[in-house]
Amino acid sequence: MSGARKILLVTGGGRGIGAATCRLGAAAGYRVAVNYVSNHAAAGTLVESIRQAGGEAIAVKADMASESDILTMFETVDRAFGRLDALVNNAGVIDVLSRVEEMSAARIDRMMRVNVTGPMLCAREAVKRMSTRHGGKGGAIVNVSSMVAVLGAANQYVDYAASKGAIDTFTIGLAREVVAEGIRVNAVRPGFVDTDIHASSGDSDRLRSVLDILPMKRPATAEEVARSIVFLLSEDSSYTTGAILNVSGGR
Ligand code: NAP
């Protein structure tokens, strides 16, 4: 198995796209670190199901808005597994549907800390461990962006869209920075995915209300996005770096 014994860290791995990525990654042979922030039960259940399927996994609590939490998370992974081969910067938040003139500084700050600063700090820690420049063996990073980075999400969450725009640019720049050090950096841009995240929009019927604007007339499953993420982590994409793959069903 090509991914055997490699170590995969997925931020926000307890639920949704992250959980699907952990499951597929474990099935591909990775030993998996499942990060979560508050839903201990979901992360614990996932870890247990990976173990029961014969895989290896640990749950690691850390808030992506906190640098000290991120540092502790990487130290925990170091202690548990001794190396890091793959990072998926998946944790992310939206907020209630709003126009820009209604947004507080606190909302925008939180969005940027979780969706932008956190992934950048995780990438920094991953590069320190993976880069041949630092004695590492190389690796792969996949950042989870969103199709709204391109679409803008007017009248919904332009702040969130802008945070994902930053992730796109970060992906391109970091990919070029570490390309000669054995590290590939790519991103996926999901469209609408059937996960819990939409509950934070304040519209309990959000997924159903957008069906008409989705070209396939359905949202993606978390697993459909996870398959693209695992592809970008794998040797099947060994010549792909700095790429941003739309997984948006034609949107
Ligand atoms: P989800 O179902 O709401 O799951 C989010 C995961 O992130 C949870 O495991 C959660 O932890 C974790 N998380 C949230 N805030 C965190 C923080 N501060 N620190 C650490 N972990 C945190 O979300 P999802 O829909 O799978 O979204 C995953 C990624 O895909 C996000 O980056 C999102 O922006 C992106 N995306 C989603 C869609 C979509 O339609 N769903 C579309 C485009 C892009 P707990 O379990 O502990 O709460």
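A disulfide, for our purposes, is a pair of cysteine sulfur atoms within 2.5 Å, and by that criterion the structure I am presenting, which is a predicted model, holds zero disulfides. Take Cys 22, which is in no disulfide, and whose nearest cysteine sulfur, that of Cys 122, is 13 Å away; that distance is too far for a bond. Both residues are nevertheless hidden from the surface, since Cys 22 is buried with a relative accessible area of 0%, and Cys 122 is likewise buried, at 0%.

Let me turn to the sheet. Seven strands form an open sheet, with parallel pairing, in the order β3-β2-β1-β4-β5-β6-β7, and the edge strands, β3 (residues 57-61) and β7, each pair on one side only. Neighbouring strands are turned against each other by 20° on average, if direction is ignored. At the β7 end, β6 and β7 run parallel and are joined by four bridges, and Arg 189 has Asn 246, in β7, as its bridge partner.

What lies against these strands? Helix α4 packs on the sheet, where it touches β4, β5 and β6, and its direction makes about 175° with that of β4. Helix α1, residues 16-27, lies across β1, β2, β4 and β6, and runs at about 170° to β1.

Now to the interior. The largest nonpolar core has 31 residues, of which Leu 8, Val 32, Val 225, Ile 229 and Leu 233 touch the most other members. Among the elements that give two or more residues to this core are β1, α1, β2 and α8, and α8 gives the most, with six residues. Apart from this core lies another, of 28 residues, including Ile 58, Leu 87, Ile 141 and Leu 174. If we look at Val 32 more closely, and leave aside its neighbours within four places in sequence, its contacts include Leu 8, Cys 22, Ala 26, Ile 58 and Phe 81.

I will finish with helix α6, residues 158-178. At 1.5 Å a residue, its 21 residues should span 30 Å, and because its end C-alpha atoms are 30 Å apart, the model agrees with that expectation. Which residues of α6 are buried? Among them are Tyr 160, Ala 161, Lys 164, Ile 167, Asp 168, Thr 171, Leu 174, Ala 175 and Val 178. As general background, an α-helix has 3.6 residues a turn, so residues three or four places apart point the same way. The cover over the buried residues of α6 includes α4, β5, α5, β6 and β7.

Terms used: Residues are numbered from 1 along each chain as its sequence is written. This is a predicted model: local features need pLDDT of at least 70, side-chain atom pairs count only at pLDDT 80 or more; totals for chains, interfaces and linings use all residues. Side-chain values use heavy atoms; hydrogens and water are left out. The expected span of a helix is 1.5 Å times one less than its number of residues. Buried means under 20% relative accessible area, exposed over 50%, partly exposed in between (1.4 Å probe, protein chains only). Contact means heavy atoms within 4.5 Å. Two strands pair if DSSP finds at least two bridges between them. Axes are lines fitted to C-alpha atoms, for helices over the stretch in contact, and angles run from 0 to 180 degrees between N-to-C directions. A nonpolar core is a set of buried Ala, Val, Leu, Ile, Met, Phe, Trp, Tyr and Cys residues joined through side-chain atoms within 4.5 Å.
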